[in-house]
Amino acid sequence: MERLEDIFERVASYNAAADLEIIKKAYIFSAKVHQGQVRVSGEPYLNHPIEVASILTHLKLDPLTIATGLLHDTIEDTHTTLDKINEVFGNEVADLVDGVTKISKITFDSKEERQAENFRKMIIAMSKDIRIILIKLADRLHNMRTLEALPSDKQIKIARETLDIYAPLANRLGIGWIKSELEDLSFKYLISDKYKDLDERLTKKKAERERYIQEVKDILEKRIKEHGLDAEVTGRPKHLYSIYKKMESQGIDFEHIYDIIAFRIIVGSVKECYETLGMIHSLWKPIPGRFKDFIAIPKPNMYQSLHTTVIGPHGDRIEIQIRTHEMHKVAEDGIASHWRYKEGKSIPEKDDKRFAWLRQLLEWQKELKDPAEFMETVKIDLFPDEVFVFTPKGDVKEFPRGATPIDFAYNIHTDVGHRCTAAKVNGKIVPLRYVLRNGDVVDIITSSNHNPSKDWLNFVKTSSAKAKIRQWVKTEEREKSIELGKEICEKEFKRHELDFNKVLKSGELENIAKKEFNMQGELNLLAGIGYGKISVHQVLAKILPPEKLKIEQEKELSRFQKVLQRIRKPSREAVIVKGIDNIMVRFAKCCNPLHGDKIIGFVSRGRGVAIHAVACENALNIDAERKIDVEWDKEIKTSRPAKITVVCNDSKGLLVAMSSAITSKEANISSADIRTTPDKKAICTFEVQVNDLDHLKSIIKSLQKVKNVIKVERVM
């Protein structure tokens with residue numbers, strides 16, 4: 001267990017002038033208010049704030065932040081008030097404690113609207129003082145280190161939240177060691193069998209690996225010395241989760257991972273970084289395409305280093321990172337290493353690349369009202385895998401991997417994106433779907449008569465481009481729906497001997513929109529009629545006397561009613577459309593939702609309601625005004641098709657074993673597609689009939705247990 005003296009020593013080692021008295025004062029206060037409290041593990045509760053404070057000292061943070069680490073749970077878990085913290089420790093510590101307390105109350109496992117709102121709260125808290133999220137990361141790290149004391153369901157919930165939210169945040173803040181440890185600890189509880197297997201495999205070869213690391217270190221140190229350089233060389237295996245991700249993404253097993261060891265060389269200057277790189281490439285053959293220069297073009301979190309992979313001794317691949325001492329400091333501690341935060345100042349408004357992504361999130365959280373869009377934006381910004389390209393003038397632009405010329409065009413200006421007709425990459429015309437590569441020079445060709453295509457949403461990658469295209473599409477669809485709504489109203493009003501334009505000018509429609517349909521203005525009402533969410537007869541019922549409306553209805557059904565009548569029929573599907581009885585529903589083929597998936601409905605003109613999974617990307621591209629609330633009917637369950645892809649080592653009898661694994665879960669196989677790869681792998685796609693999401697999960701688990709199966713995933 002960490003002692004207060006250890007914390008003092010560590011703070012003094014990086015800040016000789018630090019006020020240790022406030023840390024001691026916070027320790028005494030925390031010990032007093034937490035007295036008698038114990039954690040689930042049975043240890044004294046005080047151990048937790050002490051360990052959190054200790055983690056903050058490893059980030060070399062200021063005394064006020066460390067004091068907050070000792071106090072961070074006092075408001076939530078004791079009778080202490082914020083006013084009391086303010087009185088004893090001052091405004092700054094009180095604000096930090098308050099910020100951490102608010103973030104601690106945020107959960108990310110609830111439905112999407114609430115989840116989006118909680119993300120907004122976290123982003124706003126981070127923008128006020130970045131130290132709030134640093135304290136929360138330290139809190140989460142110690143909780144993950146002691147997670148074994150909790151029940152398994154809570155372990156999985158907390159681990160999932162950590163992997164989805166806090167590890168990416170640590171990465172975005174540039175704190176590599178916290179990110180890696182959070183990922184490994186989450187991996188341990190989420191996929192425990194895979195974690196245990198990998199851990200055992202690495203442990204078995206530990207002695208062999210250590211000998212190899214020492215051999216490579218000796219060679220490197222000797223060569224570096226011969227070149228007259230002073231450098232620090234270290235070697236270590238990559239962390240477990242990164243190895244697992246590589247196995248999953250490439251569909252390979254552990255025996256085929258050749259570069260699990262990474263070496264780091266720390267030198268005195270940028271010039272020496274490049275000299276060392278040249279020396280390494282003259283010593284061992286570099287692997288083409290595996291060199292990255294993050295010194296010339298830093299990552300968004302300001303990480304800088306040279307990365308290269310070479311064929312080292314005995315033909316083994318090794319990854320080598322080369323950086324200066326200052327770069328290493330930033331790589332390890334990220335934002336926490338920034339001097340401004342040691343002085344306790346909040347994010348400056350002036351331009352600072354470290355916080356560009358956070359400012360962008362702040363802007364989007366203000367603009368995006370649709371929870372699904374906002375959540376997608378957050379995920380894009382938290383999980384960047386960068387590619388760097390150039391403008392014709394030589395300016396560097398950074399994009400997520402998979403970005404296209406359309407993303408580039410919108411990055412320049414919204415109008416350039418809207419008017420983009422073609423693009424030149426490295427002087428040659430390319431399709432707009434072209435995937436940008438590192439070093440590409442991109443030139444956008446525009447036309448004043450051109451408009452965005454809705455299809456662009458299927459391949460653009462950046463959140464800003466998607467938002468701008470969606471906004472344009474929504475505006476266009478809304479205008480068309482308003483025109484269609486007017487057309488429907490004019491015809492139906494005329495049938496009832498009413499002058500639609502006169503009613504419109506009188507303001508009567510605006511009153512009906514507000515009072516009867518809770519809509520702002522008659523244009524929203526007309527759009528609703530155009531979309532098919534509101535019947536024109538619902539509007540006429542508010543204008544005409546009931547007896548007259550009934551007579552007119554008996555004479556002739558309106559065109560819109562005929563359409564609606566054609567699509568209304570008792571639903572054989574297990575979905576309830578709220579507010580509408582017996583309307584036809586159809587399941588979107590793009591995501592093929594199953595009973596148990598979170599779902600959302602969209603009104604389709606003449607085709608009833610389309611049911612999408614909430615997580616479906618295509619659903620994000622549909623105008624939110626066509627959205628309608630739907631839910632699964634708990635009384636009815638129907639068998640539905642689901643697709644599963646299995647990646648495995650090609651071996652005799654494997655297809656029979658997989659088929660048995662599926663049928664053992666009482667599922668029928670509708671179709672199977674098998675193809676082999678040159679590296680003796682088999683990729684199998686099965687379409688199976690399942691009852692619900694739990695049924696599908698049980699089939700996937702059954703397949704994962706089959707020998708030689710590497711990866712199993714649902715296809716949506």
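Two strands count as paired here if DSSP finds at least two bridges between them. With that in hand, the strands of this predicted model can be walked through one sheet at a time.

Take the open sheet towards the end of the numbering given here. Strand 9 (residues 420-425) and strand 10 clear that bar with three bridges, and they pair in the antiparallel sense. One of the matched positions is valine 425, whose bridge partner in strand 10 is lysine 428. The sheet as a whole has three strands in the order 10-9-11, with antiparallel pairing. Strand 10 (428-430) and strand 11 (442-446) sit at the edges with a single partner strand each, so one side of each has no neighbour in the sheet. On average, and ignoring direction, neighbouring strands of this sheet are turned by 35 degrees against each other. Helix 20 (residues 405-412) lies across strand 9, strand 10 and strand 11, and it runs at about 80 degrees to strand 11.

Next comes strand 6 (residues 317-324), where seven of the eight residues are buried. With under 20% relative accessible area as the cut-off for buried, that count is why strand 6 is described as largely enclosed by the rest of the structure. As for its partners, strand 2 (residues 261-267) runs parallel to strand 6 and is joined to it by six bridges. In this pairing, isoleucine 266 stands opposite arginine 323 of strand 6. Strand 5 (residues 306-311) also pairs with strand 6 over six bridges, but in the antiparallel sense. Here histidine 307 is the residue facing glutamine 321 of strand 6. Strand 5 and strand 6 form a hairpin with five residues between the strands, and in this hairpin histidine 314 takes a positive phi near 65 degrees. In general terms, strands of a sheet pair through backbone hydrogen bonds, either parallel or antiparallel.

Away from the strands, threonine 80 is worth a look. This residue is in the loop between helix 5 (74-77) and helix 6 (82-89). Is threonine 80 buried or exposed? Its relative accessible area is 11%, and because buried means under 20%, threonine 80 counts as buried. The side chain of threonine 80 makes a polar contact of 2.9 Å with the side chain of threonine 78. Setting aside neighbours within four places in sequence, threonine 80 is in contact with Phe29, Val33, Thr74, Ile75 and Ile85.

Definitions and conventions
Residues numbered from 1 in each chain as written. Predicted model: local features only at pLDDT ≥ 70, side-chain atom pairs only at ≥ 80, totals over all residues. Heavy atoms only, no water. Helix = DSSP H or I, 4+ residues; strand = E, 2+ residues; numbered from the N terminus. Buried < 20%, exposed > 50% of the residue type's maximum accessible area, 1.4 Å probe, protein only. Polar contact = N/O pair within 3.5 Å; in protein donor to acceptor, adjacent residues only side chain to side chain. Contact = heavy atoms within 4.5 Å. Axes fitted to C-alpha atoms, helices over the stretch in contact; angles between N-to-C directions.
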